[in-house]
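Here are a few exercises to work through with the model open beside you. Try each task yourself before reading the solution.

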Amino acid sequence: MAARGAARGAADFFDVAVIGAGGAGIAAAIAAAREGARVAVISKEPIGYGNTRIAGGGLATENVPDDLFDDVVHSGAGLADRQAVRVMADEAAETIADLVRLGMVFVGEPTGKPHGYRLGGHSKDRILSCPNSGSSLAQALRGAVASFDVELFEEVMVCELAGRPGGPVSGVIAYDMIEGRFLDIRASSVVLATGGAGWLFHPNTDNLKTVTGDGYSLALRAGAGLVDMEQIQFLPLSIVYPRSMRGVFAGEPSRVSGPRAVLRDGDGAKLLDGLDRRTRDELSNAVFAAMREGPVTEHGAVLLDLRENRKLPADSPELAGWKRPTGAVRQAYGRDVFFGHQPMEIMPTVHHLMGGVATDVEGRSEVAGLFAAGEARGGLHGANRLGGVALLDILVFGRHAGQAAAVHAQSVKGAAPASNIGAEALAETLGAAQSREKGERAGDLRRELMDAVWQGMGGARSDARGRKALSRVREVGGRMADCRVVQKKSWNLDALDLLELNLMVPSAEAILLASELRRETRGAHMRDDAPEADSAMEGKRTRIAMTGGALGAEWQAIR
Ligand SMILES: Cc1cc2nc3c(=O)[nH]c(=O)nc-3n(C[C@H](O)[C@H](O)[C@H](O)COP(=O)(O)OP(=O)(O)OC[C@H]3O[C@@H](n4cnc5c(N)ncnc54)[C@H](O)[C@@H]3O)c2cc1C
């Protein structure tokens, strides 16, 4: 591994540039390096961060042939990419064996008997536990990539892809956050491993601040399509207050509800029981419906009441799988709520994007030289994502994308890199914003955008709410050109706000356009003006693409 920053500022040429260094990015980088490619990894954060690091650490594996395939396809409500699910199920065991060879240790592994548990929607006990949650996985991957000759650009944000619109891609234009300048990094293949877009919904998300949907916009601008962008997974149980903790994961319903949990409205009236048997989308949709109809709690939420569980004898077999909520619940609400003596205020939080860049199973997008993996890529999970399967997805398809990117780079060796854009153009735009004496701040515009996205997409969608949100997002996009950015060079968070906003706007638009097109309720996509699934939309994905600078939505038949 090259020393951090060794190549900063140089006009470098790589075979493969990987954007993002969570699990998918590192898996891609290792796979490409194993193929002999010269690899750069460019990430806004240190290597091994992203949502991978804060994951609960449940990783699905295959224990009985076809079971995982069946469960994932079933949960995808007709939209899961069956070919990709097949590959994932077939390669799960070997992927995990390779991870162990790279240094990962699972709970129970030292005894040779990794413990497998079950999450909602899985028909078998097949979830392996990473000790210390996702941080141990991220740490193992960080350690593994260090043994390869990979150039690392940490705290560097990719702002544009270089190349002619429609391809081929010829590298990236990136902003070095530490030194405050733009870099041209040339590469024959680029892998988008930028994660999802939970932060577009802030504060109603459990995602990290860096997960702003950049990869979706980068792909659109390069000419690649996105699929299933309306399919956004909510986790039903998140913390509601204090505001600083809003959106933080409170626990999996299948584990923390126990046998007798009850969902209640703000006045304490019973709404629903059997919570431990509900899937994430089923329970989230029920909570959103209750929040819409009211009455709600002081903080606009509903109540999870665990008190009936406590009436059972402590040794009751019914309580065998009952787990406490996450430690964050104790921190936010105190010990009485944590132990179930008092009901807990909860609401759904944005957790995962099932949609993303349209690719084949090797991660090839519709644009030559552009690949995608992990949460940046769409189609695998369809309309819902089972617990533990995201971490398997990023490892399996990160590897595929890295391998295919290296093979592509080999095939175009010697071709002159083509580019219509360089670092200078972006430097000029930022310079103009820095020389402005008056103007709005990008941070304020971001907050407006996030509020619009939440109003349009948080919970049940409708034509009216969606259109209003879309026009607010476009209006924010229009005002962005006149923003003012402070002069500071190093760690200029104001500049970062603007550069990210520039990518957040098209991603938000893509989500809203896909939601408008799918005028039915399917999986995680719930519409209160079309509450049933529509058979006319069976077997079709929404596809968003950019033509002449404008985004459009269309249907794509599922292969
Ligand atoms: C709280 C939480 C708990 C979870 N628990 C589980 C679990 O137990 N099991 C499971 O299977 N899944 C879980 N998930 C989902 C899973 O963690 C993610 O889907 C997965 O880690 C995504 O990996 P990734 O590599 O695609 O993206 P990430 O790990 O999010 O990494 C993306 C990286 O790209 C970087 N980046 C983004 N844009 C740019 C840019 N423009 N330039 C440079 N770098 C950029 C970011 O800084 C980030 O480091 C959880 C998610 C959350 C939020």
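Helices here are DSSP runs of H or I with at least four residues, and they are numbered from the N terminus. Keep in mind that this is a predicted model.

**Exercise 1. Find which helix supplies the largest share of the shell around the ligand, and describe that shell**.

Solution. Begin with the residues that come nearest: among the 42 around the ligand, these are G20, G22, G50, G195 and G374. Next, look at the elements that each give at least two residues to the shell: α1 (23–34), β2 (39–43), α2 (51–54), β7 (156–163), β15 and α12 (389–411). The largest share belongs to α12, with four residues. Finally, sort the shell by class: 17 residues are nonpolar, 20 polar and five charged.

**Exercise 2. Work out the strand order of the open sheet of five strands, and explain what is special about its edges**.

Solution. Reading across the sheet, the order is β11-β15-β14-β12-β13, and the pairing is antiparallel. The ends of that order are β11 (232–238) and β13 (270–272); each has a single partner strand, so one side of each lacks a neighbour in the sheet. On average, neighbouring strands are turned by 45° against each other, direction ignored. Now add the helix: α8 (residues 280–293) packs on this sheet and touches β11, β12, β13, β14 and β15 (344–353). The direction of α8 makes about 70° with that of β11. For a closer look at one pair, take β12 (residues 262–264) and β14 (residues 302–305), which are antiparallel and joined by three bridges. Within this pair, V262 stands opposite D305.

**Exercise 3. Do the same for the open sheet of four strands**.

Solution. Here the order is β16-β10-β18-β19, again with antiparallel pairing. β16 (356–357) and β19 (550–557) are the edge strands, pairing on one side only. Two bridges link β10 (residues 226–227) to β16, and V227 faces G356 across that pair. To finish, place helix α16 (residues 493–517): it lies across β10, β18 (540–547) and β19, at about 45° to β19.

**Exercise 4. Decide how the chain compares in compactness with a globular protein of its length**.

Solution. First, take stock of the chain, which has 16 helices and 19 strands. Its radius of gyration is 23 Å, close to the 24 Å from the globule rule for 559 residues, so the chain is as compact as a globular protein of that length. The C-alpha trace spans about 70 × 55 × 45 Å along its principal axes. Buried residues make up 57% of the chain. Last, consider contacts with a separation of 6 or more: 74% of them are between residues 24 or more positions apart.

How values were computed:
Residues are numbered from 1 along each chain as its sequence is written. This is a predicted model: local features need pLDDT of at least 70, side-chain atom pairs count only at pLDDT 80 or more; totals for chains, interfaces and linings use all residues. Two strands pair if DSSP finds at least two bridges between them. Axes are lines fitted to C-alpha atoms, for helices over the stretch in contact, and angles run from 0 to 180 degrees between N-to-C directions. Two residues are in contact if their C-beta atoms, placed from the backbone, lie within 7 Å. A residue is near a molecule or strand if its C-beta atom, placed from the backbone, lies within 6 Å of it. Ala, Val, Leu, Ile, Met, Phe, Trp, Tyr, Cys and Pro count as nonpolar, Asp, Glu, Lys and Arg as charged, and the others, Gly among them, as polar. The radius of gyration is taken over C-alpha atoms; the globule rule is 2.2 Å times the number of residues to the power 0.38. A residue is buried if 20 or more other C-beta atoms lie within 10 Å of its own, exposed if 12 or fewer, and partly exposed in between; C-beta atoms are placed from the backbone.
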